[in-house]
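Please take the sequence and the model below together, and follow how a pair of helices and a set of charged side chains are arranged.

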Amino acid sequence: MPGPWTGVAGAVAGPPAVRPAGLLSAVAGRAIRFAVAFGATRVAHGQLRRRPPGNPASWERTNHAGRTVHVQAGAAVAFGTALAALPGAPAVLATVAGAVCGRHDDLRGDERRGFRAHLTALRDGEVTSGAVKLLGIGAAGLAAGALLKRRPLDKVLAGVVVAGTAHLVNLVDVRPGRAGLLVLGLGAPGLLRGSLAAVPMGAAAAVLADDLAERTMLGDMGAHALGAALGTAVAAVNGRFGLAVHATGLVAAAAYGERREARVPRPEAGGE
């Protein structure tokens with residue numbers, strides 16, 4: 001019976017003419033996913049700018065420099081990412097959950113910062129927008145991890161990676177372009193091991209120029225959607241050791257962010 005490495009061994013030992021064809025197919029797959037995410041995000045962004053759903057004022061935020069910018073880019077990257085991730089259920093689930101929870105925080109966020117503040121409020125019977133993000137994205141991450149891996153420990157580690165990456169991308173979204181550049185930087189190495197990393201990269205690239213020019217911002221909706229998709233891509237191609245390394249790094253980053261957020265006053269809800 002063929003083992004799990006039969007296909008890999010055959011590709012390595014096969015005739016030279018086969019290997020370039022396989023490489024070309026892999027590159028094409030990544031390029032197609034990047035292009036689909038990029039194109040879908042651009043189209044969605046344009047449509048959302050022209051016809052913002054609901055109250056147009058709900059799609060406006062004040063950025064770090066005091067300028068009023070729109071946050072339709074967050075919805076656009078969530079749409080482009082989810083579309084390009086199809087038919088991958090874990091990535092779609094994580095992206096949609098990140099977007100929904102992030103949008104809730106964009107609309108309902110308050111001055112409290114950090115996990116401790118939101119968990120304390122939850123203990124006292126108040127469900128804050130931060131608690132919704134923490135519990136909602138955490139549950140979606142664990143669900144995505146359960147779909148990606150077979151063994152219980154691997155499922156949990158994958159869930160931590162998915163949810164932790166979503167939090168990390170949102171954590172750096174305090175200045176124009178930082179979240180998008182982080183997604184591109186962290187996603188690039190993953191292209192060597194699979195095509196899923198191309199999805200959040202394409203979506204992030206589609207709005208990066210507008211973000212850097214301070215015409216838009218991702219907000220919690222976009223940052224969490226991109227981060228969740230990126231985390232799913234990372235979890236999908238890593239075994240237990242890699243998952244443990246990534247999870248440890250993300251927990252350390254979350255601890256650092258918790259201390260930083262406790263010291264820094266919160267800007268207008270929605271990042272930047």
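What follows treats a helix contact and then the salt bridges.

The model is a predicted one, and a convenient place to begin is the pairing of helix H8 (residues 178–187) with helix H9 (residues 198–212), whose axes come within 9 Å and cross at roughly 145 degrees. The crossing of these two helices is left-handed. On the H8 side the contact is made by Gly180, Leu181, Val183, Leu184 and Gly187, which meet Pro200, Met201, Ala204, Ala205 and Leu208 of H9; sorted by class, the contact has eight nonpolar and two polar residues, and no charged ones.

Charged residues come into view with the salt bridges, of which the whole structure has six. In one of them, Asp210 pairs with Arg215 at an N to O distance of 2.6 Å, and these two residues are linked with Arg42 in a network of salt bridges. Asp210 counts as buried because its relative accessibility, 13%, is under the 20% limit, whereas Arg215, at 44%, is partly exposed.

Another salt bridge joins the side chains of Glu214 and Arg67, with 2.5 Å from N to O. Glu214 belongs to the loop between H9 and helix H10 (219–236), while Arg67 sits in the loop between strands E1 (60–62) and E2 (68–70), so that distant parts of the chain, 147 residues apart, are linked. Arg67 is partly exposed, with 45% relative accessibility.

A further salt bridge holds Asp154 and Arg240, whose closest N and O atoms are 2.7 Å apart. Because Asp154 lies in helix H7 (residues 152–172) and Arg240 in helix H11 (residues 240–263), this pair ties together parts 86 residues apart in sequence. Asp154 is buried at 12% relative accessible area, but Arg240 is partly exposed at 38%.

Note on methods. Residues are numbered from 1 along each chain as its sequence is written. This is a predicted model: local features need pLDDT of at least 70, side-chain atom pairs count only at pLDDT 80 or more; totals for chains, interfaces and linings use all residues. Side-chain values use heavy atoms; hydrogens and water are left out. Axes are lines fitted to C-alpha atoms, for helices over the stretch in contact, and angles run from 0 to 180 degrees between N-to-C directions. Helices (H or I, at least four residues) and strands (E, at least two) are DSSP runs, numbered from the N terminus. A crossing is left-handed if the near helix is turned anticlockwise from the far one by less than a right angle, and right-handed if clockwise. Contact means heavy atoms within 4.5 Å. Ala, Val, Leu, Ile, Met, Phe, Trp, Tyr, Cys and Pro count as nonpolar, Asp, Glu, Lys and Arg as charged, and the others, Gly among them, as polar. A salt bridge is a side-chain nitrogen of Lys or Arg within 4 Å of a carboxyl oxygen of Asp or Glu. Buried means under 20% relative accessible area, exposed over 50%, partly exposed in between (1.4 Å probe, protein chains only).
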